[in-house]
Amino acid sequence: MREARRQLELLTCQNVRAEESDFYAYRYLASEGFLPGYNFPALPVRAFISSRSEGEFISRPRFLAINEFGPDNVIYHEGAKYQINRAWLPAQEPEKRFVRAKLCLSCGYLHEGEAVNEEKCGNCGGALESGGLYVVNLLEMPTQGTERRDRITSDEEERMRMGYDVQTNFRYAQGPDGRLRRRLASAVDVKQKKLLDVSYAPAATLWRINHGWRRRQEVGYRLDLKRGIWLGQNETPGKTPGGTAGEVKSQVRLFVRGTANALLAYPREGAAMDSPSFLPSLQYALARGIQELFEVEESELASERIGEGEHLGILF
């Protein structure tokens with residue numbers, strides 16, 4: 001009851017300091033699309049820290065929160081340890097928050113909506129039946145709840161040290177004519193030998209999916225839908241106020257998504273590609289070149305390697 005009252009005060013900006021809340025009328029209306037002229041950044045993911053005196057929300061950008069606010073992770077806040085133990089789901093029909101997607105393991109392209117039924121990848125054309133991963137229980141990361149922890153076991157420390165298995169996938173935007181918005185090009189040398197295949201994707205959707213702990217025996221997480229509690233591997237769900245056992249959703253994978261201009265670069269020629277240091281070196285060199293040529297700050301540009309085999313490339 002005390003936590004609920006404190007959360008209402010934070011959301012309505014009552015009895016709080018000005019810096020304690022980012023929830024106000026203009027931002028809410030802008031996030032709902034009523035103020036298209038206000039270019040607010042994407043809303044962050046928040047976690048509620050319940051301290052002994054009072055509680056507060058802490059927020060992180062989406063792509064950072066997928067790691068920091070992951071299930072069972074420990075947050076160090078003002079000298080105390082707090083463990084993520086619950087997800088705030090709607091009381092009515094929480095199953096509607098889950099989505100399905102099909103991932104191409106070759107190039108990292110993501111299919112959602114009607115595209116889930118496609119047999120070939122919309123990017124590389126590979127067969128999704130043999131080279132795809134069908135993910136059923138995808139949950140867009142909600143606000144997380146915590147509990148204070150004074151002691152962490154050695155097994156928990158080891159698992160947290162290993163970290164999460166977080167992978168990036170992408171999806172092209174659709175133009176007014178229904179076609180995918182992408183521009184293809186190639187970089188060649190003086191002898192017209194192809195060096196790079198490049199695909200520029202304006203307003204692409206980037207997904208970061210948390211598939212579970214790297215040190216794990218099962219994929220994803222177990223979630224008690226009635227109470228929103230993250231369960232351990234052998235942990236049983238608690239009973240609801242009505243006395244019935246809660247429903248458990250297994251193999252839940254968390255995700256966040258955002259919109260950004262993306263550039264995919266695929267090296268094609270050169271014996272140096274056999275070297276394990278070639279692609280990381282190329283990634284760093286191209287990132288520095290983009291920053292210098294277009295006067296982009298380091299924090300405004302991210303890059304990582306994506307795909308495998310002949311579709312192994314660099315995503316900027």
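Here are some notes on a predicted model, taken strand by strand, then helix, cores and cysteines.

1. Let's start with strand β4, residues 80-87. Of its 8 residues, 6 are buried, so the strand is mostly covered. On one side β4 pairs with β3 (residues 74-77); the two run antiparallel and are joined by 4 bridges. β4 also pairs with β8 (residues 144-149), again antiparallel, through 6 bridges.

2. If you want to check the register by eye, here are two pairs to look for. His 77 has Ala 80 of β4 as its bridge partner. For the β8 pairing, Ala 87 stands opposite Gln 144. The β3-β4 hairpin leaves 2 residues between its strands, and Glu 78 has a positive phi there, near 50°.

3. Next, helix α6, residues 278-294. Does its length look regular or off? At 1.5 Å a residue, 17 residues should span 24 Å, and the end C-alpha atoms are indeed 24 Å apart, so the two values agree. Just past the helix, Glu 295 takes a positive phi of about 55°.

4. Which residues of α6 are buried? They are Leu 279, Leu 282, Gln 283, Ala 287, Ile 290 and Gln 291. Looking down the helix axis, these buried residues fall within an arc of 165°, so they line one face. Turned away from that buried side are the exposed residues Tyr 284, Glu 292 and Leu 293. As for what the buried residues of α6 pack against, the partners are β11 (194-213), β14 (248-267), β15 (304-306) and β16 (313-315).

5. Gln 291 may be worth a click of its own. This residue sits in α6, and it counts as buried because its relative accessibility is 16%, against a cut-off of under 20%. Setting aside neighbours within four places in sequence, Gln 291 is in contact with Val 296, Glu 298 and Leu 301.

6. On to the nonpolar cores. The largest one has 26 residues, and those with the most contacts inside it are Phe 69, Leu 139, Met 141, Leu 223 and Trp 230. At least two residues each come from β1 (45-50), α3 (62-68), β4, β9 (164-171), β12 (221-224) and β14. Which element gives the largest share? That is β4, with 4 residues, the strand from point 1.

7. Met 141 is a handy place to look into that core. Leaving out neighbours within four places in sequence, Met 141 is in contact with Val 45, Ala 65, Ile 66, Phe 69, Gly 70, Leu 254, Phe 255 and Val 256. There is also a second, separate core of 15 residues, and Tyr 109, Cys 121, Phe 170 and Ile 306 are among them.

8. Last, the cysteines. How many disulfides does a search of the whole structure find? The search finds 0. For Cys 104, the closest cysteine sulfur is that of Cys 107, at 3.7 Å, which is too far for a bond; the cut-off is within 2.5 Å. Cys 107 is in no disulfide either, and the nearest cysteine sulfur to it, in Cys 121, is 3.6 Å away. Both residues are covered: Cys 104 counts as buried because its relative accessibility is 4%, and Cys 107 is buried with a relative accessible area of 1%.

Technical notes: Residues are numbered from 1 along each chain as its sequence is written. This is a predicted model: local features need pLDDT of at least 70, side-chain atom pairs count only at pLDDT 80 or more; totals for chains, interfaces and linings use all residues. Side-chain values use heavy atoms; hydrogens and water are left out. Buried means under 20% relative accessible area, exposed over 50%, partly exposed in between (1.4 Å probe, protein chains only). Two strands pair if DSSP finds at least two bridges between them. The expected span of a helix is 1.5 Å times one less than its number of residues. The arc is that of the directions from the helix axis to the C-beta atoms. Contact means heavy atoms within 4.5 Å. A nonpolar core is a set of buried Ala, Val, Leu, Ile, Met, Phe, Trp, Tyr and Cys residues joined through side-chain atoms within 4.5 Å.
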